[in-house]
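Here are my notes for a colleague who is opening this entry for the first time. Please keep the viewer at hand while reading the points in order.

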Amino acid sequence: MVTVRQLECFVAVVDHGTFTAAAAELLVTQPALSRSVRELERIVGAPLLERLPRQVVLTPVGRAVLPAARATLAEAHRVREVGHRAAGLVTGELHVAVVQSLTLGALLPVVREWQHAHAEVELRLSEFAHRGELEESVRDGFADVAVGPRPDDWAGPIRDLGVEEFVVVLPAGEATPDTLALSDLADRRWVHYDPVNGLAEVVDQACAAAGFTARVAVRTAQTSAAPRLAAAGLGPALVPANILAPSDPVNAVFPAPAVRRPIAAFTRHRPDPVTAAFIELAARVSAVVPPHLQRPVPE
């Protein structure tokens, strides 16, 4: 197979007229340069250069090959430039996998700040309903980095982003104390999640820890639908606090005991400069717990 180095050696000899000058330009020994050109001639199947006493000239085959060699080197140079620019956060694409509950909550300020700071690096977000699918997307090379619940068994780097708080959303008009024991809701029918959504496990575990199994009024696969269904009077819903905006007309109360899960960004291997910059930004500005929904501090 023809290599870029072989083409560089061939073109350098043509441009400088001698093997000696070309070797000096490429910072290689003359024997190494000669071997590269001979190997290229072997692959092409004919001599490309005619070695004269004082100079080197192109053969007919060499003249035919030279334009393609220059075009290939130009394309290789362009590829290097694109890579260097991307590594310098000038241009490129970053594929981020995220659990759907974090997209419009904790991750929103990260995406907004990234657009301001690195507008030429496109973010491609892929949302997943379950943490298992999220982890698989990075493990299989589908995504560059994942943002979601901290994985329990992960071989690659992990950067903790914070601890996600859950709140109970009650029907509109219902009294909302600062905190509410989940056991007080044991007799209620709940807005629950479809099993395809990983939050179904969170609700089941929280209710089990409070000593009951939630009776279901309605199930939804969409995290964002749960607080709206609860506000409409269909029953309480346990939702990540970060999905609630200050303008959302919902009654939210912190459960007792607290329901929390750690959130992290993780990759398959040591992150490249673009991925590392995104992770650092996420660690700095992600709103895992939004400012307007901070758990009350006991007096």
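1. In this predicted model, the side chains of N242 and E164 are joined by a polar contact of 2.8 Å. The side chain of N242 also reaches, at 3.2 Å, the backbone nitrogen of A106, and A106 is a residue that will come up again below.

2. As for its setting, N242 is found in the loop that runs between β10 (237-240) and β11 (251-256). Is N242 buried or exposed? With a relative accessibility of 5%, N242 counts as buried, because the cut-off for that class is under 20%.

3. A second residue that deserves a careful look is S286, which is placed in the segment after α10 (273-285). Its relative accessibility is 17%, and since buried means under 20%, S286 counts as buried too.

4. Which residues does S286 touch, if those up to four places away in sequence are not counted? They are A106, P109, V110, L161 and L281, so that A106, whose backbone nitrogen is reached by the side chain of N242, appears in the surroundings of both residues discussed here. In addition, a polar atom of the side chain of S286 lies 2.6 Å from the backbone oxygen of A282.

5. It may help to relate S286 to a distant part of the chain: H16 is 270 residues away from S286 along the sequence, and the C-alpha atoms of the two are separated by 56 Å.

6. Turning to the protein as a whole, one counts 10 helices and 12 strands. The radius of gyration is 30 Å, whereas the globule rule gives 19 Å for 299 residues, and because the value is well over that figure, the protein is more spread out than a compact globule. Taken along the principal axes, the box filled by the C-alpha atoms is roughly 100 × 35 × 30 Å.

7. On burial and contacts, 43% of the 299 residues count as buried. Where contacts join residues at least 6 apart in sequence, 76% of them are between residues at least 24 apart.

8. Finally, on the surface and the charges, the accessible surface of the protein comes to about 15300 Å², and 54% of this area belongs to carbon and sulfur atoms. The protein has 28 positive and 34 negative charges, and the mean positions of these two groups are 8 Å apart.

Conventions:
Residues are numbered from 1 along each chain as its sequence is written. This is a predicted model: local features need pLDDT of at least 70, side-chain atom pairs count only at pLDDT 80 or more; totals for chains, interfaces and linings use all residues. Side-chain values use heavy atoms; hydrogens and water are left out. Helices (H or I, at least four residues) and strands (E, at least two) are DSSP runs, numbered from the N terminus. Buried means under 20% relative accessible area, exposed over 50%, partly exposed in between (1.4 Å probe, protein chains only). A polar contact is a pair of N or O atoms within 3.5 Å; within protein, one must be able to donate a hydrogen and the other to accept it, and residues adjacent in sequence count only if both atoms are side-chain atoms. The radius of gyration is taken over C-alpha atoms; the globule rule is 2.2 Å times the number of residues to the power 0.38. Contact means heavy atoms within 4.5 Å. Accessible areas come from the Shrake-Rupley method with a 1.4 Å probe; for residues, only the protein chains shown count as cover. Lys and Arg count as positive and Asp and Glu as negative; His and the chain ends are not counted. The place of a charge is taken as NZ of Lys, CZ of Arg, CG of Asp or CD of Glu.
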